[in-house]
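The following exercises ask the reader to work through one protein structure step by step. Each task is followed by a worked solution.

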Amino acid sequence: MLKIQYPKEQMHRIRYTKLSEQQIATKLDAARAGPTCVSPYSDALAGQALKIVCDDGLVLEYDFDGRNRLSLSQSGAASQSGAARTHAAYGALTLGRIVLFSHLLPGTQNGYHVVVDRDRHLATVFEVWFSGYTDNREVQREIHYGYIDATGDAAPKARHALTNRLEGNGFHWTQDTGIETLEIYPSVLYSTFVELTRLGGELCFCGPSDYVRLDDDLYVYSRVEAEFSGTMTLYALALNEGRQIGVRLGFNATDALEYYMFAGNGEAVGQLAFFEPFDDDGSKIVMGGNRAAPARKGERPVYRPLLTNPAMTHEQVEAAVARKTVAFGAPSGMAGNVLPESSFLVGKRFTLRYDDGGPALQYVVDAPTQLRWRREGQGAWHTETYRAWEPAPGVIFFGHLLSGTARHDCVAVAVDFDNGLTTCVHGMLGTPYMANEASRKTWFGIMQLEGLTPPQYLRHRFTDELVGRTLTWHYSPGLTSMHVYTTPYSYSWIIFLPNDAGGLEWSGPAQYVKLRDDLYLFNWLEEACNGTLGVLVINTRTMHDCGIDYHCGEDGLRLGAVGAKARNAGQLDLQRFYGPKWI
């Protein structure tokens, strides 16, 4: 089992410049020679003419002069002026019968990534551009479905189409550039990716994604790193061969343009469950409720949490906390399946003593919902409202606020009365980035109780045993999510759409602690999001959890109960990608 040393967390903390339109236009001058590529470009289109007719009216007429230059006439949906023919540099790669070619339009911030299905005379066009609706550096894309117009031939009736057939797949990809990624497709709207080489593989990220079916073997995947770099990655993949050809377009952390094509080899790492009805092929995205389909060209449903949960200042946090602080008030939708509350602690006096600079906390538990605590050596006792649950025999999980602390702290505590062990997640308000964002420390220690001899050396420990597992969590009617435990330091959560397809997704730093076989203390931080700290005890035998969430917003400070029932949703073989690096 791994001995994991947790890094200083940097989830979502890459500071990308808000580039102006003019800055982007200047940087795009570097792409006049077309995309770069480590592998040799294909000459499959050299010397050919190609007319692509799309169902929405876009018509693209290409002449390819060799493997690097083309000329283009546009009309219909994407026509800017209906004027002269455009000349541009391009690159093309092949994957069996599929040709992927990419080019930008000189003097503009627009371009095309085009997938040509030569045998079936079909084409899918990704029209791309910068300086769109939210962030100039974020690549926008519109998908056009069409066919190759061959003189004298009738137009084919079939088309490529959106699909859910890739949903649940996971791959380890190695590009010809040497870049390795783990990529998981747990949703029809989003995907999860781990940058094993670019960012060291510690954290998972997610981005709005598209999945297009060419046939049962061949697909096109695209994502845009919305809310991060804004970079677009697109590739065609062959499931049976485990191969890909793709293109990457965007600006990196130093604001340098990345525009290159790549070929790669992939290894399937598993298959997660997906939950749509059997006759739902995913060709239509069912948003439902008040989630209207985006109306503007190229828009996608994108989770932009800091727009709906704006960062607060220290002064705003203090005012909100003073205005309203609630510990275990009216249950939220996250507590619809909470475990029965336990009175196991009532009447007990004990000390929880933590290692490595952690405190020694003394407790007197007076009632099923009220306790007193103090730091060892201090005279004053603090009275708090608490809640406790028994997620496994002899294990008690409880939480409460720490009144009088400068950062409005809380603790979420697991105590194993059979073994005299305890683990505490200590939550605090405030990070260097947001005053209302929670931070935390995790302490390991022992319990001192009359009649119990605690161990000297044995402790709970960080673990990677959950990494690769996926569980769905049903909190209450209409509120179900799926957790993908992707790395030893982070995870992703997906909210389901009305037809039970995977929907919007976000990722956050996380910690995993093993309490006993099949019993885990799990915590996560909703960084660059709403700032919540969540702490759960997960019992993978009973497939139930219990926990708390700790959150501060404009409506005040809240400590609340969490409870959900779980179902297994599959397993991915991911642990081996982290092992030697973290010992």
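Are Phe 171 and Trp 173 buried or exposed? In this predicted model, both Phe 171 and Trp 173 are buried.

**Exercise 1. Classify two aromatic pairs and locate their members.**

Solution.

Step 1. A pair of aromatic rings is described by the distance of the centres and the angle of the planes. The structure holds 36 aromatic pairs.

Step 2. For Phe 171 and Trp 173, the ring centres are 5.0 Å apart and the planes stand at 20 degrees, so this pair is stacked. The cut-off applied here is that planes under 30 degrees apart count as stacked.

Step 3. For Phe 275 and Phe 496, the centres are 5.7 Å apart and the planes stand at 85 degrees, so this pair is edge-to-face. The relevant cut-off is an angle over 60 degrees.

Step 4. Phe 275 lies in the loop between strand 18 (257-271) and helix 2 (305-308), and Phe 496 lies in strand 31 (residues 490-496), so the pair ties together parts that are 221 residues apart in sequence.

Step 5. Phe 275 has a relative accessible area of 29% and is partly exposed, whereas Phe 496, at 13% relative accessibility, counts as buried.

**Exercise 2. Place Gln 244 in its surroundings.**

Solution.

Step 1. Gln 244 belongs to strand 17 (residues 243-251). The residue has a relative accessible area of 2%. Buried means under 20%, so Gln 244 is buried.

Step 2. Leaving aside residues up to four places away in sequence, Gln 244 touches Trp 173, Gln 175, Tyr 235, Ala 236, Leu 237, Phe 262, Ala 263 and Gly 264.

Step 3. One aromatic cluster is formed by Phe 171, Trp 173, Tyr 185, Tyr 211, Tyr 221, Tyr 235, Tyr 260 and Phe 262. Among the contacts of Gln 244 are Trp 173, Tyr 235 and Phe 262, which are members of this cluster.

Step 4. Gln 244 and Glu 315 are separated by 71 residues in sequence and by 51 Å in space, C-alpha to C-alpha.

**Exercise 3. Determine which residues of helix 3 are buried and what they pack against.**

Solution.

Step 1. Helix 3 spans residues 314-323, and its buried residues are Val 317, Ala 320 and Val 321.

Step 2. These residues cover an arc of only 100 degrees around the axis, which puts them on the same side of helix 3.

Step 3. Glu 315, Ala 322 and Arg 323 are exposed on the other side of helix 3.

Step 4. The packing partners of the buried residues are strand 19 (325-327), strand 26 (421-429), strand 35 (544-553) and strand 36 (556-562).

**Exercise 4. Describe the two closed barrels and the strand pairing within them.**

Solution.

Step 1. Strands of a sheet pair through backbone hydrogen bonds, either parallel or antiparallel.

Step 2. One barrel is closed by eight strands in the order 2-3-4-5-6-7-8-9, with antiparallel pairing. From one strand to the next, the twist averages 30 degrees.

Step 3. In this order, strand 2 (residues 49-54) and strand 3 (residues 59-65) run antiparallel and are joined by five bridges. Lys 51 stands opposite Glu 61 in strand 3.

Step 4. Another closed barrel of eight strands runs 20-21-22-23-24-25-26-27, and its pairing is antiparallel. With direction ignored, neighbouring strands of this sheet are turned by 30 degrees against each other on average.

Step 5. Strand 21 (residues 360-367) pairs with strand 22 (residues 370-375) over six bridges in the antiparallel sense. The two strands form a hairpin with two residues between them, and Trp 373 in strand 22 is the bridge partner of Tyr 363.

Step 6. Strand 22 also pairs in the antiparallel sense with strand 23 (residues 382-392), over four bridges. Here the bridge partner of Gln 370 is Thr 385 in strand 23. This hairpin has six residues between the strands, and Gly 377 takes a positive phi near 95 degrees.

**Exercise 5. Identify two arginines that lie over aromatic rings.**

Solution.

Step 1. Arg 296 lies over the face of Tyr 133, at 4.2 Å from the ring centre.

Step 2. Arg 372 lies over the face of Trp 381, at 5.8 Å from the ring centre. The cut-off for this distance is within 6 Å.

Conventions:
Residues are numbered from 1 along each chain as its sequence is written. This is a predicted model: local features need pLDDT of at least 70, side-chain atom pairs count only at pLDDT 80 or more; totals for chains, interfaces and linings use all residues. Side-chain values use heavy atoms; hydrogens and water are left out. Buried means under 20% relative accessible area, exposed over 50%, partly exposed in between (1.4 Å probe, protein chains only). The arc is that of the directions from the helix axis to the C-beta atoms. Contact means heavy atoms within 4.5 Å. Two strands pair if DSSP finds at least two bridges between them. Axes are lines fitted to C-alpha atoms, for helices over the stretch in contact, and angles run from 0 to 180 degrees between N-to-C directions. Rings of Phe, Tyr and Trp (its six-membered ring) pair if their centres lie within 6.5 Å; planes under 30 degrees apart count as stacked, over 60 as edge-to-face and the rest as tilted. A charge sits over a ring if NZ of Lys or CZ of Arg is within 6 Å of the ring centre and within 35 degrees of the ring normal.
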